[in-house]
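Work through the exercises below with the sequence and the model at hand. Try each task before reading its solution.

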Amino acid sequence: MSTMEAGVEAKAFQAEVSELLNLMVHSVYSETEIFLRELISNASDACDKLRYEAIASPELIGEEGPPKIRIIPDKKAGTLTVTDTGIGMDRQELIDNLGTIARSGTKSFVSRLKDAKDGSGLIGQFGVGFYSAFMVAERIVVSSRRAGSDEAWTWSSAGGAGFEIAPAGLGEVPAPKRGTDIVLHLKKDAAKYLETYEIERIVRSYSDNIQFPIELVDDKGEAKQINSASALWQRPKSELKPEDYKEAYKSIAGAFDEPAMTLHYRAEGRYSYAVLLFAPSTKPFDLFDPARKGRVKLYVRRVFITEEAELLPAYLRFIRGVIDSEDLPLNISREMLQNNPQLSQIRKAVTGRVIGELEALGEKQPEEFAKIWDAFGPVIKEGIYEDFERREKLLALARFTTTAGEKRTLKQYVADLKSNQTQIYFLAGDSIERLKSNPKLESAAARGIEVLLLTDPVDAFWSSMPLEFEGKPLTSLSQGDVDFANIPLLDASEKDEHKVDADEATIIALIKSHLGERVADVRASQRLTTSASCLVAGKHGPDRELERLLARQNRGIGAKPVLEVNLRHPLVASLPQAGANAADLAFLLLEQAQILDGELPEDPAAFANRINRLVMAGLVEP
Ligand SMILES: Nc1ncnc2c1ncn2[C@@H]1O[C@H](COP(=O)(O)OP(=O)(O)O)[C@@H](O)[C@H]1O
Ligand SMILES: [Mg+2]
């Protein structure tokens, strides 16, 4: 950080910024034109902020008038300038905002990008922001004056390791009166961005919905407005075409994908407000960020207030868009928003509408709904344990892979219940393949009972609560006792085929005596038809999958499982005659059940020794 000449200070970029710039320069992203959208979106944010601050301090508007954005191509100089008369940045803000990546999610995302062989797939998932301008510019000069300040500062950089900061107006660019001027010294291969038709095309396709006027200045110095600068959500639905909505989605959400669902309406009555919301069709990179922040923007009479109002519950945090209230006071402070009763009303009503719309989409356009469910299903399912009031509705939205097929709803499940079946059965685990080969499904399969196969980490949590759908309790096949006795077998001849001769009580007692404290209980299984044994959780306490998940985070409660054995299996039936091998056999029943659940035996070496001993003994002899 040396002082080079009077007032000029050199500073280094934060490491992640250098990495990001490196990626930009080697242009992992083929659509370089998005740099203009990013700069305009920053300019628009700055205009929003000025308008918000001017509510309390109207003098900030002053002589400069209402905020606007200008684009000035200069073919002779090879520069493209984007200016805004928004809030501006002071010296420290220039250093912080254009020298670091503040958001933690973005920071870790950049590290992931760097490690990925080809980042182009990933990079589309997040707004590349200001730094994207280095895709087209070899040098960038940003001059800025915070509204109301008597100082203006210039930030300049040619990418690489760092930037310089100096008082504005020293070099070739005069200091702005309010807001920010960004001068891009374009690379040779980016000269097309100096053509007015190209600029107009880009602005029309990405930024038409920006609410502030965007003016293009031609080579004669004449400015003309090139966007419509209207708040699209205030326009009647009948005037708008599907393309208008797609465009609005991209510019409001800063997204690259297409919306899978659009919800636009105006609520009148006790409170009036306009709603324009979208469900994306792809996952953003920070979907599982622990902060679980929503992204719906609150406006009051077309003035942007905040993105932090949490206008939807956290399990709908993937929804993007705008809610524009007519009744809230403009000068409402961001802190007051938390407890505002009017906002709670709006939140409640809009949440209901969003869920209703998802429901309708699931019925009318299942392919579009599937995109949303595939990307955000695990998030929506958080609502099943968080939103008591809407639990049944959210369960109805859910799509499941089951032993009967994919994308099954609980409605379909209930319609297909077997005779005498009164419960909805599920099994939770790591992967569909592994679940499908789980012995706990055997007896259900023999009766043609459909079983939900749950593999999202969140499933272990919501499914461990007592739940019902249409009056049918959801029951885990790896927990408690299951009773299939009244549900007929598909193939009735199977029924009493391997009649058990050995005394059930003797076998159970024998296994218990050897396993001792290792299991909570041993009992004869109703779940198994061909496998010898399986492990299930006790009736109370967490399901096996939840216990495993908690144990991985060191939060397990060490609940002991119940060993269920299949008395019809020859290995089990032979126990009373096994003599000295009975102990090894009992442990084998426990350990193979662990392996089938995807766990390791507690002592793998002892396990191997046991198998070897049994094989050597020539077991199993009847
Ligand atoms: N034209 C501008 N006026 C005021 N602040 C700006 C401007 N451009 C960028 N900034 C500041 O720099 C930050 C970084 O911008 P960017 O990389 O686009 O990320 P993001 O817009 O997602 O925050 C912005 O959050 C803002 O604080
Ligand atoms: Mg930005």
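**Exercise 1: a salt bridge at Glu93**

Glu93 counts as partly exposed, because its relative accessibility is 25%. The terms used here are buried for under 20% relative accessible area, exposed for over 50%, and partly exposed in between, with a 1.4 Å probe and protein chains only.

Before starting, note that this is a predicted model, in which local features need pLDDT of at least 70, side-chain atom pairs count only at pLDDT 80 or more, and totals for chains, interfaces and linings use all residues. Residues are numbered from 1 along each chain as its sequence is written, chains are lettered from A and ligands numbered from 1 in the order in which they are written, and side-chain values use heavy atoms, with hydrogens and water left out.

Task: find which residue forms a salt bridge with Glu93.

Solution. Step 1: apply the definition, a side-chain nitrogen of Lys or Arg within 4 Å of a carboxyl oxygen of Asp or Glu. Step 2: the partner is Arg146, with the closest N and O atoms 3.2 Å apart. Step 3: Arg146 lies in the loop between β4 and β5 and Glu93 in helix α3 (residues 91–97), so the pair ties together parts 53 residues apart in sequence. Helices (H or I, at least four residues) and strands (E, at least two) are DSSP runs, numbered from the N terminus.

**Exercise 2: two further pairs**

Task: place the salt-bridge partners of Glu517 and Glu599.

Solution. Step 1: Glu517 pairs with Lys560, the closest N and O atoms being 3.5 Å apart. Glu517 sits in the loop between α16 (504–515) and β21 (521–524), Lys560 in the loop between α17 (544–552) and β23 (562–565), and 43 residues separate them. Step 2: Glu517 is exposed because its relative accessible area is 63%, whereas Lys560, at 40%, is partly exposed. Step 3: Glu599 pairs with Arg544, with 2.9 Å between the closest N and O atoms. Glu599 is in the loop between α19 (582–596) and α20 (604–616) and Arg544 in helix α17, so parts 55 residues apart in sequence are tied together. Arg544 counts as buried because its relative accessibility is 10%. Step 4: a search of the whole structure gives 44 salt bridges.

**Exercise 3: Arg292**

Task: describe the backbone, place and partners of Arg292.

Solution. Step 1: Arg292 has a positive phi of about 50°, although it is not a glycine. Step 2: Arg292 lies in the loop between β11 (273–280) and β12 (295–300). Step 3: at a relative accessible area of 25%, Arg292 is partly exposed. Step 4: salt bridges with shared partners join Arg292, Arg317, Glu382 and Glu386 into one network.

**Exercise 4: sequence and space**

Task: compare the C-alpha separations of Glu504 and Leu567 and of Thr409 and Pro58.

Solution. Step 1: Glu504, in helix α16, is 63 residues from Leu567 in sequence and 7.3 Å from it in space. Step 2: Thr409 and Pro58 are 351 residues apart along the chain, and their C-alpha atoms are separated by 55 Å.

**Exercise 5: confidence**

Task: state where the confidence is lowest and where it is highest.

Solution. Step 1: pLDDT is the predictor's confidence in each residue, from 0 to 100. Step 2: the protein averages 88, and 93% of the residues score at least 70. Step 3: the lowest mean, 52, belongs to helix α5 (residues 120–123), and the highest, 98, to strand β3 (residues 79–84). Step 4: where pLDDT is low, the predicted coordinates should not be read in detail.
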